[in-house]
Amino acid sequence: MELWMDLLFGNPIGLASMAVIGTTVGLCTFYAVYFLIKIKNAKPPVEAHKA
């Protein structure tokens, strides 16, 4: 475990990689929750013409 911590946080490149991965996971989670809430609150479409 110490080896992985040194590889990830021992230099700026590892820290930047972890920041990118964390931001990506955060954005994916945000958009998933956003669309699920939007779908849950969506109203059914109204038909324009009834024949």
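Let's start on the surface: Met1, Met5, Phe9, Leu15, Met18, Ile21 and Val25 come together there as a nonpolar patch, and between them they offer about 710 Å² of accessible area. Keep in mind that what you're looking at is a predicted model.

Where does the nonpolar patch get its residues? Helix H1 (2-9) and helix H2 (12-40) each put in at least two. H2 gives the largest share, with 4 residues. Those two helices are also the whole tally of secondary structure here, since the count for the protein chain is 2 helices and 0 strands.

Pick out Met5 for a closer look. You'll find Met5 in helix H1, and Met5 is also one of the patch residues. Is Met5 buried or exposed? Neither label fits: its relative accessible area is 38%, so Met5 counts as partly exposed, because that class runs between the 20% limit for buried and the 50% limit for exposed.

Now zoom out to the protein chain. Its C-alpha atoms take up a box of roughly 70 × 20 × 10 Å along the principal axes. The radius of gyration tells a matching story: the protein chain has 22 Å, whereas a compact globule of 51 residues would sit near 10 Å.

What about burial? Of the 51 residues in the protein chain, just 2% are buried. As for the surface, the protein chain exposes about 5,100 Å², and 73% of that comes from carbon and sulfur atoms.

Definitions and conventions
Residues numbered from 1 in each chain as written. Predicted model: local features only at pLDDT ≥ 70, side-chain atom pairs only at ≥ 80, totals over all residues. Heavy atoms only, no water. Rg over C-alpha atoms; globule rule 2.2 N^0.38 Å. Buried < 20%, exposed > 50% of the residue type's maximum accessible area, 1.4 Å probe, protein only. Areas by Shrake-Rupley, 256 points an atom, 1.4 Å probe, with all protein chains shown as cover. Patch = residues over 30% accessible without salt bridge, like charges linked within 9 Å, V, L, I, M, F, W, Y side chains within 5 Å. Salt bridge = Lys/Arg side-chain N within 4 Å of Asp/Glu carboxyl O.
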